Amino acid sequence: MKLISHVTLGTNDLLLATKYYDKILGLLEAKQLAKTENVVFYQFPNSTTKLAISRPYDGQLASNGNGTMLALTAGSKECVTEIYKLAISLNSKCEGEPGPRNNGAYFGAYFRDLDGNKIAVFHRENGAGA
């Protein structure tokens with residue numbers, strides 16, 4: 001049974017956010033699945049869970065939640081570092097440079113996207129997710 005269909009992050013500039021996520025998610029081989037004037041859905045390889053980048057439905061400004069974070073799994077430590085460096089070059093705010101976390105349980109990096117959404121990218125040596 002599929003438990004999570006998709007996760008949505010809000011944006012105030014869908015065109016800019018789409019360019020940003022095309023680059024960031026491209027390093028994880030994600031592809032645009034569907035696109036309208038209000039939302040873009042990305043599909044990841046070997047997964048049915050999707051990521052949506054969307055203008056808020058209520059027409060109000062998008063804002064990020066305190067304690068809310070999207071975590072993306074990378075295939076290697078090098079990929080974590082590459083995504084982090086790309087994100088910073090695209091004007092993301094650093095929230096934690098690449099390195100070992102939780103006594104070496106995983107290798108991760110943290111940043112905020114152009115709308116302030118917190119993103120983590122991590123790799124575990126044993127290939128496990130969260």
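Relative accessible area sorts residues into three classes: buried means under 20%, exposed over 50%, and partly exposed in between (1.4 Å probe, protein chains only). The model examined here is predicted, so local features need pLDDT of at least 70 and side-chain atom pairs count only at pLDDT 80 or more, while totals for chains, interfaces and linings use all residues. Residues are numbered from 1 along each chain as its sequence is written, and side-chain values use heavy atoms, with hydrogens and water left out.

**Exercise 1. Salt bridges**

Task: Determine how many salt bridges the whole structure holds, and which residues are linked in a network.

Solution.

Step 1. A salt bridge requires a side-chain nitrogen of Lys or Arg within 4 Å of a carboxyl oxygen of Asp or Glu. A search of the whole structure under this criterion finds 3.

Step 2. Consider Glu 95, which is partly exposed with a relative accessible area of 29%. Its side chain meets that of Arg 112 in a salt bridge of 3.1 Å, N to O. Glu 95 belongs to strand β6 and Arg 112 to strand β7, so the pair ties together parts 17 residues apart in sequence. Helices (H or I, at least four residues) and strands (E, at least two) are DSSP runs, numbered from the N terminus. Arg 112 is itself partly exposed, at 21%.

Step 3. Glu 95 also bonds with Lys 93, the closest N and O atoms being 3.6 Å apart. Lys 93 counts as exposed, at 52% relative accessibility. Lys 93, Glu 95 and Arg 112 are thus linked in a network of salt bridges.

Step 4. A further salt bridge joins Glu 125 and Lys 77, with closest N and O atoms 3.9 Å apart. This pair links distant parts of the chain, 48 residues apart: Glu 125 is in the segment after β8, and Lys 77 is in helix α2 (residues 77-89). Glu 125 is exposed at 60% relative accessibility, whereas Lys 77 is partly exposed at 36%.

**Exercise 2. Strand β7 and its partners**

Task: Establish why strand β7 is described as largely enclosed by the rest of the structure.

Solution.

Step 1. Count the buried residues. In β7 (residues 106-112), 6 of the 7 residues are buried, so the strand is largely enclosed by the rest of the structure.

Step 2. Identify the pairing with β6; two strands pair if DSSP finds at least two bridges between them. Strand β6 (residues 93-101) runs antiparallel to β7, and 6 bridges join them. Within this pairing, Gly 99 has Gly 108 as its bridge partner in β7. The two strands form a hairpin with 4 residues between them, and Asn 102 in the turn has a positive phi of about 50°.

Step 3. Identify the pairing with β8. Strand β8 (residues 118-123) pairs with β7 in the antiparallel sense over 6 bridges, and Phe 111 stands opposite Ile 119 in β8. This hairpin has 5 residues between its strands, and Gly 116 in the turn has a positive phi of about 90°.

**Exercise 3. Aromatic pairs**

Task: Find how many aromatic pairs the structure holds.

Solution.

Step 1. Rings of Phe, Tyr and Trp (its six-membered ring) pair if their centres lie within 6.5 Å; planes under 30 degrees apart count as stacked, over 60 as edge-to-face and the rest as tilted. The structure holds 2 such pairs.

Step 2. Tyr 20 and Tyr 21 form an edge-to-face pair, 5.0 Å centre to centre with 80° between the planes. Both Tyr 20 and Tyr 21 are buried.

Step 3. The rings of Tyr 106 and Phe 122 have centres 5.9 Å apart and planes at 75°, so this pair is also edge-to-face. Tyr 106 lies in β7 and Phe 122 in β8, so the pair ties together parts 16 residues apart in sequence. Tyr 106 is buried at 15% relative accessible area, and Phe 122 is buried at 9%.

**Exercise 4. Positive phi in loops**

Task: For Asn 46, decide whether the residue is buried or exposed.

Solution.

Step 1. Most residues other than glycine have a negative phi. Asn 46 has a positive phi of about 60° although it is not a glycine.

Step 2. Asn 46 is found in the loop between β3 (39-43) and β4. At 86% relative accessibility, Asn 46 counts as exposed.

Note on methods: Two strands pair if DSSP finds at least two bridges between them.
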